[in-house]
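Dear colleague,

I am passing on the structure that we discussed, and my notes on it follow below. Please read them with the model open beside you.

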Amino acid sequence: MIPKIITGKGSTRRLIAYLFGKGTANEHVDPHLVASWNDFAPDSGRSPHRDPKEVEKQLYTQLDQPVNMLGHRAPKTTVWHCPVRAAPEDPILSDAQWAEIARRIAAAAGIAPAGDTEACRWVAVRHADDHIHIAATLVRQDGRRAKRDYDMRAVQREARQIEIDYGLRRLKQGDGTAAKRPTRKEHFKARRLGQDSTSREILRLRVRRAMAAASTEAEFFALLEATGVKVRPKTEPPGDVTGYSVSLPGDVNKQKEPIWYAGSTLSGDLSLPKIRRRLTATAPEPVAARPASPWHQATAAAERVPHHLTHSTDEVAQGQLAALGGTLDLLSLAAPATARAELERAAVAFERATRSRITADHVSARLLRRSIQTIWNSPAPPGDGAGLAMLIDAALTAVAYAVHWHRTRQHAQQESAAEQALVHLQAAYAQIAEPVLVGLASRAPSPQSKRRYAHHLQQAVPEHIERILADRAWDALTTVLAEAEAAGHDASTLLDQALSRRTLDDARSPARALTWRIRRLGERHAPGPRAQAANARQPAGRRTAPLPEQPPQGGADPVRARPRRPTWAPGVCGACRCRSQAASAPAR
């Protein structure tokens, strides 16, 4: 059940005329009162022998009477309007049930507390099966103003309880950080223009992508304009830019003027001050060493997100989620056309999971942000697309941990959003990873090499050897091992390193998990002869033991919810260079 509070000035005349009229598209059916402040207010819908306009005038005159009695002492805001809508799958409620719901909503909002005979005047009008409208004036009958502090929060709490009491669809409790929903008029306009999304939703996605891709404020505005978005800066008298508004070409009002949306109205984290703080916190740093593959860097940084969600402060964790959201925003642009739609749906869904009442620390997420920016600036994923598959695989685990993180903090809406994103990511991963694995399997090495790899796995993980050999990805695994050997690596050493990163106990496809690990390790610079000789002298039993597990509890896919260990150094966080216990770092 969704209540929405709208306030206005002046008389209730126009509101009453709309509620009892035919509607903007003749959608109003049998408009009539179901409840009122005195239970016998004039009802034009149930007065067949009277002129409806006269009854409506009598009704709004009675509603406005307490306001008119105050004259010039009346408050500026005098009209309170609250539509209350049930979900499409909810049962059709009777007039008596809607009347009780209206009384509870009016009481919760402070409009008409139970038992208060001098409260504000109000009526509840029903002109459809699935919703009612509560119209009230904000001056009590004793001349005082209504006490409606935080009425929206109170009404939302009451709506959640009504859902329980009437067995209706239960919505998630919000924390006030959700982006503003498109209005009904915006939805009608989008359908009329043949658009799948409203202008507000299109602009929100484009602004989020520009924020994720930009390194400076000037680049942010340049990227917006490059995507066809009109930008109007807001300046103060000294000439300083303090905000901005955006508009889509062709999106105009009745006066043929562009319809502008301020960044803060698209989403709370898209205001210019918050964008500036994020750009400052994640500004690039000078790099002395040769830069590594951005796909490997982004995958490594994404693998660290579960560690931050389970071991870092809430502020750092929130910053990681914001960076993960930016990664998903840009990832669809680097994906093949077949998976682009699912990745975009994942990004749109996860957007709600990137914000909460916790202030984000963006500094720790610098590596992930810079890596995905480098990928976005590249024309296409390198090679056969394995880099994209590995990154999405890491993102799946990070999103699964986000579900658990939000659940433990009772962020119901964010938890639900992360769960939806997980479904879309899994669909995209299947579309991207399968062709890569098929391509690798087509280049499988000789049977003799396969037996040699199988022998080493038999010695290393005898409890998993049958599953690995029966896995559809076994040929792909042997291919990456052979290619790593051709590049100068020792296959046994790579397998030992890959197996030490994460146990295979809960892997649905152990060969596929090892394939991605070996692929990343094999693309590193091969060790020289001295290093290989030193590794050969190392006893096989000295391999690092797998790290303990801390998977999310419930809600997430148990196969995807696998923690990972960083690839650059044990116990060192590549995103913020913080030290941690090696035994507590998530592994893959």
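The first thing to look at is an open sheet of three strands in the order 7-8-9, with antiparallel pairing; helices (H or I, at least four residues) and strands (E, at least two) are DSSP runs, numbered from the N terminus, and two strands pair if DSSP finds at least two bridges between them. This is a predicted model, in which local features need a pLDDT of at least 70 and side-chain atom pairs count only at pLDDT 80 or more, while totals for chains, interfaces and linings use all residues. Residues are numbered from 1 along each chain as its sequence is written, and side-chain values use heavy atoms, with hydrogens and water left out.

The edges of the sheet are strand 7 (230–235) and strand 9 (261–262), each of which pairs on one side only. Strand 7 is joined to strand 8 by six bridges in an antiparallel arrangement, and Thr 235 has Val 241 of strand 8 as its bridge partner. These two strands form a hairpin with five residues between them, and Gly 239 in the turn has a positive phi of about 100°. On the other side, strand 8 (residues 241–247) pairs with strand 9 in the antiparallel sense over two bridges, and Ser 245 has Ala 262 in strand 9 as its bridge partner. Helix 6 (residues 199–213) packs on the sheet, where it touches strand 8 and strand 9, and its direction makes about 130° with that of strand 8; contact here means heavy atoms within 4.5 Å, and axes are lines fitted to C-alpha atoms, for helices over the stretch in contact, with angles running from 0 to 180 degrees between N-to-C directions.

By the rule that rings of Phe, Tyr and Trp (its six-membered ring) pair if their centres lie within 6.5 Å, with planes under 30 degrees apart counted as stacked, over 60 as edge-to-face and the rest as tilted, the count comes to three aromatic pairs. One of them is Phe 221 with Tyr 244, edge-to-face at 5.8 Å centre to centre and 75° between the planes. Phe 221 lies in helix 7 (residues 217–226) and Tyr 244 in strand 8, so the pair ties together parts that are 23 residues apart in sequence.

Phe 221 also takes part in a helix contact, in which Glu 217, Phe 220 and Phe 221 of helix 7 meet Leu 272, Ile 275, Arg 276 and Leu 279 of helix 9. The axes of helix 7 and helix 9 (residues 272–281) come within 10 Å and cross at roughly 120°.

Helix 16 (residues 447–460) and helix 18 (residues 474–486) pack at about 100°, with their axes 10 Å apart.

On confidence, the chain averages a pLDDT (the predictor's confidence in each residue, from 0 to 100) of 84, and 86% of the residues score at least 70. Over residues 540–588 the pLDDT is below 50. Where pLDDT is low, the predicted coordinates should not be read in detail.

With best wishes
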